[in-house]
Amino acid sequence: MVIPATPTNESFRLEALRALGILDTHPEKEFDEITSLAAYLCDTQIALISLVDDHRQWFKSKHGLGISETPRKYSFCAHAILEPEQPFIIKDARKDDRFFDNPLTAEEELVIFYAGVPLIDNNGFPLGTLSVIDPNPKELTSKQIESLKSLANQVVILFELNRKNKDLEKMQGHLQQKNESLKEFARVISHDLKMPLANVITTSDLLKLKLADDIDQETLEYFEYIKQSSFSMSDYINDVLNHYESDTITKRKPEVFLFNNLIREITELLSIEEDFSINFPDPNPEVNTNKSALKQIFFNLIGNSIKYNDKQHIEIIIRFSEDDTFYYFSITDNGMGIPNDKIATIFDLFNTADKTDRNGNKGNGIGLCTVKKLIESLGGAIRVTSKVGSYTTFEISIKKENEALLI
């Protein structure tokens, strides 16, 4: 028996093999289908995808064989990778000086016929073979050999796809870690800023009262500017927190509740001072979904309908319908409307329609992005139609029983 020689570039070859991250992995259907097809096309009992490691050959896929690896010194594949440019074919190993006394041939009578096509990566390193084996002498036709070569190319493509998928998984893991760090940073910073802002608002009110007898109109306007700027910053902080905490909200379990009751809670929280009316769905619909998420969605949408409204009387109409799969909501206001060229981007983070609200403040482009994120997490979608100076309608679908969160 001739023990296979070691390739001159062995250290680099092994490095390329291990970089695939495929050694000792579980069987995969895509590889098993190739060995099954190879055995069928070549009419052999056995087909293998073999990877030649430093002291063994390991089988990523095996058709017609029960073992997962053999010592490298007995490996036919280890001979095949020494001549990677062409298939390595042994018609009858019993008559070949290199293999006649190989235990796989002489004792187990397992490998009498062998044909292996080297699996060569993009850098030219032979990693192993796609081989077909039979306990009887055989010959392959030229068509069978070409078919084996084509299948070997598919194995290499699968190796590369597997490697890229693993790289993507690692990258996603790193991005997830960075995202979690960013969320924590936003949470800490936002909470730490809330108290100083509250102090600024309170202090400015106290100073205004204390200096009431000696203060002129211009100074009063400065105090009001400080107060309004602080409120704007507070809103911005709350929106940042809501955006980054939306992932936590979507993990909450669905519950059954009356929708109109939820809208009333929201209007109370908003403490609306303007001339305002809201039309509820009739009758009061019962829904089964993530209440916290739906509350955040409508809190943003109703709040926007009020802020971005230039009419003396603000009117909001909310509609509801359902089918076997989805709840459908719409909210229409009589506000400023959104220009057609801005509709496509209003759900992008930090993107605004370049409009100021009824108090002259400009939005921060976080609220609607959070709304879209929450709706999609509930297995739904949102779309908007609008006419400048007349109305805006948001149409929402949400999957029933929050099935999207179980995916």
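This passage walks through strand pairing, a pocket, salt bridges and a surface patch in a predicted model.

Strand E5, spanning residues 113-120, is a handy place to start. The strand is mostly covered, with 7 of its 8 residues buried. On one front, E5 pairs with strand E4 (residues 88-90) in an antiparallel arrangement held by 3 bridges. E5 also runs antiparallel to strand E6 (residues 126-134), and here 8 bridges do the joining. Tyr-114 turns up in both pairings: it is the bridge partner of Ile-90, and its own partner in E6 is Ile-133. E5 and E6 make up a hairpin with 5 residues between them. In that turn sits Gly-124, whose phi is positive at about 90°.

E5 shows up again in the second largest pocket, which holds about 200 Å³ of space. Its lining counts 14 residues, and those nearest the centre are Leu-20, Asp-121, Asn-123, Glu-160 and Arg-163. Helix H1 (10-19), E5 and helix H5 (142-210) each chip in at least two lining residues. The largest share goes to H5, with 4 residues.

Turning to charge pairs, the tally comes to 21 salt bridges. One of them links Arg-56 to Asp-24, with the closest N and O atoms 2.9 Å apart. Arg-56 belongs to strand E2 (residues 56-63) while Asp-24 is in the loop between H1 and H2, so this pair ties together parts that are 32 residues apart in sequence. Arg-56 counts as buried because its relative accessibility is 15%, under the 20% cut-off. Arg-56 also forms a salt bridge with Asp-53, at 3.2 Å between the closest N and O atoms, and both of these residues are buried.

A salt bridge between Asp-310 and Lys-311 has its closest N and O atoms 2.9 Å apart. Here the partners are partly exposed: Asp-310 has a relative accessibility of 48%, and Lys-311 comes in at 24%. As for salt bridges that share partners, they join Arg-18, Asp-24, Asp-53, Asp-54, Arg-56 and Glu-69 into one network.

Finally, there is a nonpolar patch on the surface, made of Leu-37, Tyr-40 and Leu-41, which together offer about 320 Å² of accessible area. Leu-37 is part of helix H2 (residues 29-42). With a relative accessibility of 38%, Leu-37 is classed as partly exposed, since that label covers values between 20% and 50%.

Technical notes
Residues numbered from 1 in each chain as written. Predicted model: local features only at pLDDT ≥ 70, side-chain atom pairs only at ≥ 80, totals over all residues. Heavy atoms only, no water. Patch = residues over 30% accessible without salt bridge, like charges linked within 9 Å, V, L, I, M, F, W, Y side chains within 5 Å. Areas by Shrake-Rupley, 256 points an atom, 1.4 Å probe, with all protein chains shown as cover. Salt bridge = Lys/Arg side-chain N within 4 Å of Asp/Glu carboxyl O. Buried < 20%, exposed > 50% of the residue type's maximum accessible area, 1.4 Å probe, protein only. Pairing = 2+ DSSP bridges. 1 Å grid on protein atoms, 1.4 Å probe; cavity = no way out; pocket = protein on both sides within 12 Å on 5 of 7 lines; lining within 4 Å. Points joined across faces, edges and corners; volume = space filled by probe spheres on them.
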